[in-house]
Amino acid sequence: MGKGGTLSDTVIKKIILSYSYVAIWIFLSFTVIVYNKYILDKKMYNWPFPISLTMIHMSFCSTLAFLLIKVFKFVEPVSMSRDTYLRSVVPIGALYSLSLWLSNSAYIYLSVSFIQMLKALMPVAVYSIGVLLKKEGFKSDTMVNMLSISFGVAIAAYGEARFDVFGVILQLGAVAFEATRLVLIQILLTSKGITLNPITSLYYVAPCCLAFLFFPWIYVEFPVLRDTSSFHFDYAIFGTNSLCAFALNLAVFLLVGKTSALTMNVAGVVKDWLLIAFSWSVIKDTVTPINLFGYGIAFLGVAYYNHAKLQALKANEAQKKVQQGDEESGRLLEEKEGGGGEGKKIESEN
């Protein structure tokens, strides 16, 4: 083949790799959600201890992250002072622990399909908290978009067959804490030039989560586990579940690193629809037409939001290129004028 054929092969390989990363992330994200539901649901494995499950995940992930960074040197650690860690990472770890605790608790009360529908509120929460903390500017068209997403989720909730008020409060709380965490990452870390990938995030944040979860665990779940003499730690179940959770973080590292965060958002939409279909067909959760109609409205709102963000990114990139071009033109003009001045000076001396 000629150069054109070689270029075509390269493009095809990149496309295949990109789709492979997307497929791996969707599979692992899908697996972790369904696996957590299986462990926590009283009608399945019947181990309703969300704090304990989250602590097992954090212990496993922090240990593997330590090995990858400190022992095998697979990922470079981030240079961070103690003051930065206490002021920036610890608050983020606290929010992350609350988000994981509440989201895992919601699996006990709500169906997988309905939880995915409620998660569509994430852009609404992120934007609203961003505006409150002055990280985002208020825009009326964006707020209308946010209201359309909220309206769609409200319709989906109205049509939910297994609606549980406490479960909804738990999931909405998880969304609020996660949205606050995402905004604080931008304020406390990104603004200071500190960028954490999923592995370094686990290395720094997972031990914080473990410490914060220990206190509610002592009072809420430990007494029950202590008095449950029939319980024995199932290494196969919890080991593979934790491994899937860690593998998901590696998949995020690959997906964002090799493609983009927007690709991950689009893949997330595909994953949500697959989970709804799986929840209905395999787990036998009830999914009503009103559910689907409401989620369809929310889905369109989220899709438009992602499209608007992409257009804004493209506009910013184009503006940067124009500014760079203007600066380069100005520099060349200055050099030319300087060269012309030198030429005139030589002529006058002659």
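At the start of helix α7, a side-chain oxygen of Asp164 comes to within 3.1 Å of the backbone nitrogen of Phe166. The model is predicted, and this contact is computed from its atoms. Helix α7 covers residues 165-189, 25 residues in total. At 1.5 Å a residue, α7 should span 36 Å. The C-alpha atoms at its ends are 35 Å apart, which agrees with that expectation.

The chain as a whole contains twelve helices and zero strands. Its pattern along the sequence is therefore a run of α elements, α-α-α-α-α-α-α-α-α-α-α-α, with helices taken as DSSP runs of H or I of at least four residues. Of the 350 residues in the chain, 42% are buried. Helix α5, residues 122-132, contributes to the buried set. Pro123, Val124, Ala125, Val126, Tyr127, Ile129 and Gly130 of this helix are buried. In an α-helix there are 3.6 residues a turn, so residues three or four places apart point the same way.

Lys134 follows just after α5 and takes a positive phi of about 60°. Most residues other than glycine have a negative phi. Two further residues with positive phi sit in loops that flank helix α2. Asn46 has a phi near 60°, a positive value in a residue other than glycine. Asn46 is placed in the loop between α1 (3-40) and α2. Its relative accessibility is 42%, so Asn46 counts as partly exposed. Lys73 is not a glycine either, yet has a positive phi of about 55°. Lys73 belongs to the loop between α2 and α3. With a relative accessible area of 58%, Lys73 is exposed.

Ser79 is also found in the loop between α2 and α3. Ser79 is exposed, because its relative accessible area is 74% and the cut-off is over 50%. The C-alpha atoms of Ser79 and Ile194 are separated by 8.5 Å, although the two residues are 115 apart along the chain.

The second largest pocket holds about 170 Å³ of space. Its lining is made up of 14 residues, of which Pro50, Trp101, Ser105, Val220 and Glu221 are the closest to the pocket centre. Helices α2 (50-71), α3 (82-109) and α7 each supply at least two residues of this lining. Helix α3 gives the most, with five residues. By class, the lining divides into twelve nonpolar residues, one polar and one charged.

Glu221, one of the residues closest to the centre of that pocket, also makes a side-chain contact with helix α2. The side chain of Ser52 forms a polar contact with the side chain of Glu221, at 2.6 Å. Ser52 lies in helix α2. Its relative accessible area is 6%, so Ser52 is buried.

Val224 lies in helix α9, residues 222-227. At 40% relative accessibility, Val224 counts as partly exposed. Val224 and Phe49 are 175 residues apart along the chain, and their C-alpha atoms are separated by 9.4 Å. A further long-range pair involves helix α12, residues 289-349, where Tyr304 is found. Tyr304 has a relative accessibility of 49% and so counts as partly exposed. The C-alpha atoms of Tyr304 and Thr142 are separated by 9.8 Å, with their positions 162 residues apart along the chain.

The structure holds zero disulfides. For Cys208, the closest cysteine sulfur is that of Cys209, at 6.9 Å. This distance is too far for a bond, because a disulfide needs sulfur atoms within 2.5 Å. Cys208 counts as buried, at 7% relative accessibility. Cys244 likewise counts as buried, at 17%. Both values fall under the 20% cut-off for buried residues.

Note on methods. Residues numbered from 1 in each chain as written. Predicted model: local features only at pLDDT ≥ 70, side-chain atom pairs only at ≥ 80, totals over all residues. Heavy atoms only, no water. Expected span 1.5 Å × (residues − 1). Polar contact = N/O pair within 3.5 Å; in protein donor to acceptor, adjacent residues only side chain to side chain. 1 Å grid on protein atoms, 1.4 Å probe; cavity = no way out; pocket = protein on both sides within 12 Å on 5 of 7 lines; lining within 4 Å. Points joined across faces, edges and corners; volume = space filled by probe spheres on them. Nonpolar A, V, L, I, M, F, W, Y, C, P; charged D, E, K, R; others polar. Buried < 20%, exposed > 50% of the residue type's maximum accessible area, 1.4 Å probe, protein only.
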